[in-house]
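Grab a pen and work through these exercises with the model open beside you. Try each task before you read its solution.

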Amino acid sequence: MEEKKLKLVEKVLRKILDSLRIKANFKFEENQGAVFVNIETPTPGILIGYHGRTLAALQRILSLIVYRHLKEWLKIVIDVGGYRQKREEALKKMALSAAQKVKFFGQEQELPPMPSAERRIIHLFLIEDPEVTTESRGEGKERRVIIKPKK
């Protein structure tokens, strides 16, 4: 990826964080055409927000501003203090627990509403399980994963 694009991402992110008066350091990593930004700050909760909503909003805003400057989409993924990895592990544990209940009781299990990226993690995690299948139901913020026995 061009150095110019990375510098732009860094400049815009720095400006956003400075505007919010958040002291932070960040590291950039490129992988498969995407820019991964890991932010370290003494106040991670402010950037993560409730169930990662603030983090998702920050990522969306950064992506839109960078798009406005470059006139092309750049996939940007922001993580704060390893939150995304921890959340992914928690989602996999939740999915595994629900899948075990489905296998034991033979009845579908409904997970709480979650964003599409989190639903995708669960669908991909359980795709290889020969005894259960997954689907998403609901609309908007109420969309959730349903785990049910394979017929």
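**Exercise 1. The salt bridges around E135**

Which side chain meets E135 in a salt bridge with an N to O distance of 2.7 Å? Find it, then see how far the network spreads.

Before you start: this is a predicted model, where local features need pLDDT of at least 70, side-chain atom pairs count only at pLDDT 80 or more, and totals for chains, interfaces and linings use all residues. Residues are numbered from 1 along each chain as its sequence is written, and side-chain values use heavy atoms, with hydrogens and water left out.

*Solution.*
- Step 1. R137 is the partner: its side chain and that of E135 meet at 2.7 Å, N to O. A salt bridge here is a side-chain nitrogen of Lys or Arg within 4 Å of a carboxyl oxygen of Asp or Glu.
- Step 2. Check the exposure. E135 is partly exposed at 25% relative accessible area, and R137 is partly exposed at 31%. (Buried means under 20% relative accessible area, exposed over 50%, partly exposed in between, with a 1.4 Å probe and protein chains only.)
- Step 3. E135 also forms a salt bridge with K148, and there the closest N and O atoms are 2.6 Å apart. E135 sits in strand β5 and K148 in strand β6, so this pair ties together parts 13 residues apart in sequence. (Helices, H or I with at least four residues, and strands, E with at least two, are DSSP runs numbered from the N terminus.)
- Step 4. Put it together: E108, E135, R137 and K148 are linked in a network of salt bridges.

**Exercise 2. The sheet**

In what order do the 3 strands of the open sheet lie? Work out the pairing too.

*Solution.*
- Step 1. The order is β4-β6-β5, with antiparallel pairing. Two strands pair if DSSP finds at least two bridges between them.
- Step 2. The edges are β4 (109-110) and β5, each pairing on one side only.
- Step 3. Now zoom in on β5 (residues 132-137) and β6 (residues 144-149), which share 6 bridges. S136 stands opposite V145, while T133 has K148 as its bridge partner.
- Step 4. Follow the chain around the hairpin: 6 residues separate β5 from β6, and G138 in the turn has a positive phi of about 100°.
- Step 5. Look across to β4. R144 forms a salt bridge with E110, their closest N and O atoms being 3.2 Å apart. R144 is in β6 and E110 in β4, 34 residues apart. R144 is buried at 17% relative accessible area, but E110 is exposed at 51%.

**Exercise 3. Helix α1**

Which residues of α1 are buried? Decide how they are arranged around the helix.

*Solution.*
- Step 1. Start with the span: α1 (residues 3-19) has 17 residues and reaches 24 Å from its first C-alpha to its last, close to the 24 Å expected at 1.5 Å a residue. That expected span is 1.5 Å times one less than the number of residues.
- Step 2. The buried residues are K5, L6, L8, V9, V12, L13, I16 and L17.
- Step 3. Down the axis of α1, these buried residues fall within an arc of 160°, so they line one face of the helix. The arc is taken from the directions from the helix axis to the C-beta atoms.
- Step 4. Turn to the other side of α1, where E3, K4, K11, K15 and S19 are exposed.
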